[in-house]
Structure formats: structure tokens, C-alpha cells
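Visitor: Got a minute to walk me through the empty spaces in this one?
Guide: Sure, let me pull it up.

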Amino acid sequence: RDQQAVHVDAPAMRSHAARWYVLFVFSLFACLQGALWMTFSCVPKSTEQTYRVGKSQVDLLLNWGPIIYVVLVPITTWLLTKHKGFNRTATLGYFFTFAGSIVRAIPSVVPGVKGTAFRQGKGGLVLLHVGQILNAAGGPIALGAATRMSAEWFPEGQRTRATAVVFVSNALGVAVTFILGPYIMRWTSLAVLLYMLAGLSAIPFVCSLVYFPPPPGDMRKPFRREGAQECGKRSAHSTVPLLRDQQVLDENNTIVDRAAFLPGVTAVLTNYSAVVLCLGAGIMGGVVNAYLGVLPAALNDAGESELQGDRLNSINIFAGIVGGILLADLIDRFLQHRLKDMLIVIFVTSFVFLFGLVYTVYLRPDLYWLQDLFSLVAGLFQGARDPLTAEFAAELTYPADEGTSAGLYTLVFNLGSLILIFVAPYSSVVWLGVATLGSILVALLLVVTVREVYKRHNAVLHHEKLIQTKDKDKKT
């Protein structure tokens, strides 16, 4: 396919108002994907009674999320590198979530005795699992494409905030479902909750069909589209090269094809700093997230109140939502090139306050207020971990596609969650806490060895110098 040439001949691209529309729709999708994932686990007793299933089936409906994530993240990463990669991949994610919400609501549509028999039979159970699998297929898109979206639509000083909005929206969907699910069960049935989520899930998909603007150009490269000369040639009056669509200049003024999937994967996996960053932050994030998720069941097995674990988990999630936005805004305004230092602060703070949480949960379970405080402060700092790591990895691995580095991070994150989830039934509250604290220490040691470099930012500065040089040549 012949592609239009792109000439390096303009200052940084202007922001477009449509970016807020794109961010809203994509964040709504991420929120609903998290809500659908958590639906049955927030009302486990109602699920068991409605479909005549055991606790293991309810747990499997939840575990499809990380299982399918691990399987499909390579495919999502590959799709993002293609032409119009974000738009097409996002639309596919919107469809998966909407289709999953419809499929799992089908057993509730059938009325009467036949409907009850169908819901409580194999047919109804199969549809529940199919619906959860379809929604889980949208997970790698909801989180893995966040940095690609922010790179295409937002200027450098707004990217961390845009990425953070997507990540915290997914967490918001989980938290809101935990609150609304039991509340809705007091007044009506599980079917109403499924219908409501199905209706909301249609919004992002319909929006993508009605209006999904193409990106205004690649915000990663500050250029405007002009002529159509052959790629790689240089004009007679400029040292600035001509680029085709999906090509960029790296910091060494070398033309790189960002649509090349395998070279991008190789570049990410052979980048020591990016690998240890994703391993450290991913293992820590996945283990901490899973620890707070299994804490209610672990406390129940230890003879403590399960509601205590639910409360601590909810406090941590909501604190993470607030902290993620506030810290991302702080980083974009004042600390754009201090990402390593911020990650170290986040890891140290998380260790200190989660240590306090683990200690009080085991030795002083009666100090509820202190446990809430520890969970709150830890959550405030953890909320920025995911968007900060994703943006830092994108800087380290440029010009590899942002979706590739984000895919590696979120893959490790979900693997860490899966490992702790499968180990949890055979471990005590104490050992789960020790494993969580150990994962933070490992993450801290790994991140300290990261060589802090901002390749994407340096490439932009290099390009601007080329443009200034060309302008001077024209004047002379």
C-alpha cells in the first residue's frame, strides 16, 4: 500500500479538542470492562443462588480476566502496530465488552420455569463463562492501549494524566460495582444489574460507530503532513528527512518503522532497563492487587470478619483513584523527567504502609482505624504506579510502539496476580502479607538499577533543532 509521505516541517502538533471525546469514550470502556469483570464476585451469594453454582465457579468467572489477558496481550500488541491501530483495536475492545455483557444476560431473559431451569443448567453456566471471556478479551485493550491513545492524542505535558485517567477508570469500575452490586441486590434481582451493565456497555461501541475521529497525526513526532516525495530522501534545502506514515525519526536521526511488530518486541525485550522496570513494577502491582483482593477470604478463613477485608480493599481502590490523578497531574506539571525518583518514592511508601497494614491485620486486628489509615495512604501512592510505569517504559523503549512496552508491563502484572490467586488458598494471612512485602522489595531493588533515559523526549528535542536549523537556512 502506498503511504503518504510526511515532512518534518512544523513545531509540536497542536492539541485537538476531539482528544477529550476520545479519552472519555475510551475511559468509559475501561470503567465498564472493570465493572463487568467484577460483577459476579461483588455479589457471590446471589450468583450462587441464581445459577445454582458453587464458589469455585464464581471464582473462575473472575479469574477469566487475568487468564485471557495473558493469552491475548501479544495479539493486542500486534494489532496496535498496524495502520489505524488504536482506532481499530479500541473498536474491537468496545465490541468485546458489549457482546460479553449481552451474552451473559441471555439466561436472565428467558421467563418462567423454563428460564429458571435454563439458568441453573449447563446452558446458562456456559453463557456466563462465554460472556466473561468476551469481556476479558477487552482487558488487554483497555489497559494495554492507554499509552498509545495518550501518545496519539495528547501533547507531552498531558500524557501521564491521560494514561492515568484510563487506568483509574478501570479501577473505578471495579470499586463502583462493589458498592452498587450489593445495594441493587437489596431491591431487585441480579438480572437487573446485568441489564444495566449491558445497556451502558453499548455506549462506547455505538460512539465508535457513529464518530471515531482519526488521530490528528502522531503526537510522538512533532510534524505536519505535507508533500509526497519518496521516503528517506532529503530536500535540496534541508537536512530534514521525509517520512512515510507510521515512520518516525529516533534520537539518532534514523528512520524507524513503528509498524514493525517483531523488531519492536525484540527492542523492548533486549532493553535491560525496560525489562527490569516492567518485571519489578509488574510483579509488585499484580501481587499487591491480588493480596488486597483475596484478603477478605483469607481473613474469613482465619476467623476474622470478611467485611474487614472488603473495607480495606475498597479504601485502597478509591484512594488509588484519587492519588493516581493527583500524582499524574503533579508529574506532568513539574516532574516529567523524574519518573525513576517518583517510582522509588511510590515503592518505598507502599512498603512502609503495607507493612503497617500486614502487621496490624495479623497482630492487632482490633485496630480498624489504623488499618484503614495504612490502606488509604498506600492506595494514594499506588494509584500512580501503573500510568507512571507505562509512560516510563514508553520513554525507555522509543521508538518501539507504546503498546508493546505497555503490553509487557501489564502481562507481568497479570501473571503476578494469577500466581498469588492460585497460591492464596494454600497460604495463611501472614504468608500472603510476607509475599506481598517481598514483591515490593524486589521491585525496589530492580527499579534502582534502571538507567533513566527519555528517548522519546530527546527525539522531540532533536527534531525541533532540525526544524530551527531549516528555518535559518531558508532565511539565509
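Guide: We'll go through the cavities, then look at a single residue; bear in mind that this is a predicted model.

Visitor: How many cavities of 30 Å³ or more does a search of the whole structure find?
Guide: Two.

Visitor: How much space lies in the largest cavity?
Guide: About 120 Å³.

Visitor: And which residues lie nearest its centre?
Guide: E156, T160, Q336, E391 and E395, out of 13 that line the largest cavity. Sorted by character, that lining has six charged residues, four polar and three nonpolar.

Visitor: Which helices supply at least two residues each there?
Guide: Helix 9 (159-187), helix 13 (306-334), helix 16 (385-397) and helix 19 (455-475).

Visitor: OK, what about the second largest cavity, what volume does it have?
Guide: About 40 Å³. Its lining consists of Y21, V22, V25, Y94, C207, S208, Y211 and F212. Helix 1 (18-42) and helix 10 (190-210) are the elements giving two or more residues to that lining.

Visitor: Which helix gives the most?
Guide: Helix 1, with three residues.

Visitor: How does that lining divide into nonpolar, polar and charged?
Guide: Seven are nonpolar and one is polar, with no charged residue in the lining of the second largest cavity.

Visitor: Changing topic: where does T89 lie?
Guide: In helix 4, which spans residues 85-109.

Visitor: Is T89 buried or exposed?
Guide: T89 is buried, because its relative accessible area is 3%, and buried means under 20%.

Visitor: What does T89 touch, leaving out residues up to four places away in sequence?
Guide: T76, L79, L80 and I141.

Note on methods
Residues are numbered from 1 along each chain as its sequence is written. This is a predicted model: local features need pLDDT of at least 70, side-chain atom pairs count only at pLDDT 80 or more; totals for chains, interfaces and linings use all residues. Side-chain values use heavy atoms; hydrogens and water are left out. Helices (H or I, at least four residues) and strands (E, at least two) are DSSP runs, numbered from the N terminus. Buried means under 20% relative accessible area, exposed over 50%, partly exposed in between (1.4 Å probe, protein chains only). Contact means heavy atoms within 4.5 Å. On a 1 Å grid over the protein atoms alone, a cavity is a set of points where a 1.4 Å probe fits but cannot get out, and a pocket is an open set with protein on both sides within 12 Å along at least five of seven lines; lining residues have an atom within 4 Å of a point. Grid points are joined across faces, edges and corners, and a volume is the space filled by probe spheres set on the points. Ala, Val, Leu, Ile, Met, Phe, Trp, Tyr, Cys and Pro count as nonpolar, Asp, Glu, Lys and Arg as charged, and the others, Gly among them, as polar.
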